[in-house]
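Me: Please take me through one pocket of this model. I would like to know what lines it, and then how that part fits into the rest of the chain.

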Amino acid sequence: ENITVSSVLNPITNTSKVELQIYGVNFNRTLNCMLTPEGTFQASFQPPNSGNYSITASSPETSFSFGVTGPDLFFSVTEPPLYIKYFIPIIGMLVALSVSGGLVYFFKLRTR
């Protein structure tokens, strides 16, 4: 699943930009976000594995504004239970087995 982060930077200038630093278990990534004219930004990423993650948003100092760093945002990613993760393949196998069993039964009765 993708995780999407969005927020607002205010005030903004033409040279404003936002960097998201994402840290996790064996995972470090920097995302550069484009700002809309209203100052909103959005970024998405897909965590490679379950575990704890943190995100920090920062905007570097420019000639028109001071640099700013937002507070850390912490969250956990967990794997879904096995019965949810494998529900569709299990149903597919049951349907395939039922169809093949029905065909074998049909052809066996047909030969009698």
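**A close look at the second largest pocket**

Reply: Seventeen residues line the second largest pocket, and S7, F41, A57, S58 and G70 are the ones nearest its centre. Keep in mind that this is a predicted model. The pocket holds about 240 Å³ of space. Which elements give two or more residues to its lining? They are β1 (3–8), β2 (18–24), β5 (51–59) and β6 (68–69). Now look at the kinds of residue. The lining has 11 nonpolar residues and six polar ones. No charged residue takes part in the lining.

Compare this with the largest pocket. Its volume is about 290 Å³. Its lining divides into five nonpolar, four polar and three charged residues. E1, I3, Q46, P47, P48, N49, S50, V77, T78, E79, P80 and K85 form that lining.

Back to the second largest pocket, and to β5, one of its lining strands. Is β5 enclosed or open? Count its residues: seven of the nine are buried, so β5 is largely enclosed by the rest of the structure. Buried here means under 20% relative accessible area.

Next, the partners of β5. Start with β2, which runs antiparallel to β5 and is joined to it by five bridges. One pair to find is Y23 with its bridge partner S54 in β5. Move on to β7, which covers residues 73–77. It too pairs with β5 in the antiparallel sense, over five bridges. Here I55 has L73 of β7 as its bridge partner. Then comes β6. Two bridges join β6 to β5, and these strands run antiparallel. In this pairing S58 stands opposite T69 of β6. You have met S58 before, among the residues nearest the pocket centre.

Now step back to the chain. It has seven strands and two helices. In sequence order the pattern is β-β-β-β-β-β-β-α-α. What does the radius of gyration say about the overall shape? It is 25 Å, well over the 13 Å that the globule rule gives for 112 residues, so the chain is more spread out than a compact globule. The C-alpha atoms fill a box of roughly 90 × 30 × 15 Å along the principal axes. Of the 112 residues, 21% count as buried. Contacts can also span long stretches of sequence. Take those with a separation of 6 or more: 55% of them join residues 24 or more positions apart.

The helices come after the strands in the pattern. Between α1 (82–85) and α2 (87–110) there is a loop, and Y86 lies in it. Is Y86 buried, exposed or something in between? Its relative accessibility is 39%, so Y86 counts as partly exposed. Now find S63. It is 23 residues from Y86 in sequence, yet the two C-alpha atoms are 54 Å apart in space.

Finish at another loop, the one between β2 and β3 (27–33), where N26 lies. With a relative accessible area of 76%, N26 is exposed. Its backbone deserves a look too. Most residues other than glycine have a negative phi. For N26, phi is positive, near 55°.

Terms used
Residues are numbered from 1 along each chain as its sequence is written. This is a predicted model: local features need pLDDT of at least 70, side-chain atom pairs count only at pLDDT 80 or more; totals for chains, interfaces and linings use all residues. Side-chain values use heavy atoms; hydrogens and water are left out. On a 1 Å grid over the protein atoms alone, a cavity is a set of points where a 1.4 Å probe fits but cannot get out, and a pocket is an open set with protein on both sides within 12 Å along at least five of seven lines; lining residues have an atom within 4 Å of a point. Grid points are joined across faces, edges and corners, and a volume is the space filled by probe spheres set on the points. Ala, Val, Leu, Ile, Met, Phe, Trp, Tyr, Cys and Pro count as nonpolar, Asp, Glu, Lys and Arg as charged, and the others, Gly among them, as polar. Helices (H or I, at least four residues) and strands (E, at least two) are DSSP runs, numbered from the N terminus. Buried means under 20% relative accessible area, exposed over 50%, partly exposed in between (1.4 Å probe, protein chains only). Two strands pair if DSSP finds at least two bridges between them. The radius of gyration is taken over C-alpha atoms; the globule rule is 2.2 Å times the number of residues to the power 0.38. Contact means heavy atoms within 4.5 Å.
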